[in-house]
Amino acid sequence: MKTYAQFDADGTIYSIVTVDAPEGVRAMVDVEPGLSVAEIDATDIRTPMAESEVEKTRALMRGYRVSVPATTKATLTKAK
């Protein structure tokens, strides 16, 4: 499973996309102008499996930013 974040130049996260597909499958995330996308290490973040868990995950992600500039795999840092 791979997790991608869409973020701006300040590292503010606009969306999180998780792709769970067999090995070798490729996915592409389309971003709005001014945003970037990078794979993030989300091992500590549990992917919501039910609609009731989505808001809890959103609230958790509001406390993080993408450490910019992001390389191939970005690092999440606590938001200030």
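In this predicted model, Val-66 is in contact, once its neighbours within four places in sequence are left aside, with Ala-5, Phe-7, Gly-11, Ile-13, Ala-74, Thr-75 and Leu-76. Several of these partners reappear in the largest nonpolar core, a set of ten residues that comprises Val-66 itself together with Ala-5, Phe-7, Ile-13, Ala-38, Ile-40, Ala-42, Met-61, Ala-74 and Leu-76. Two elements, E1 and strand E3 (36-40), each give two or more residues to this core. Such a grouping may be read against the tendency of nonpolar side chains in soluble globular proteins to be buried together.

Strand E1, which covers residues 2-7, runs antiparallel to strand E2, which covers residues 13-19, and the two are joined by six bridges. One of the pairings links Lys-2 to Val-19, its bridge partner in E2. Between the two strands of this hairpin lie five residues, and Gly-11 in the hairpin adopts a positive phi near 90°; Gly-11 is also among the residues in contact with Val-66.

Taken as a whole, the protein chain contains one helix and six strands, which follow one another along the sequence in the pattern β-β-β-α-β-β-β. Among the contacts with a separation of 6 or more, 52% are made by residues 24 or more positions apart. Of the 80 residues of the protein chain, 24% count as buried, while the area that the chain exposes comes to about 6100 Å², of which carbon and sulfur atoms supply 51%.

Note on methods:
Residues numbered from 1 in each chain as written. Predicted model: local features only at pLDDT ≥ 70, side-chain atom pairs only at ≥ 80, totals over all residues. Heavy atoms only, no water. Helix = DSSP H or I, 4+ residues; strand = E, 2+ residues; numbered from the N terminus. Buried < 20%, exposed > 50% of the residue type's maximum accessible area, 1.4 Å probe, protein only. Contact = heavy atoms within 4.5 Å. Areas by Shrake-Rupley, 256 points an atom, 1.4 Å probe, with all protein chains shown as cover. Pairing = 2+ DSSP bridges. Core = buried A, V, L, I, M, F, W, Y, C linked by side-chain atoms within 4.5 Å.
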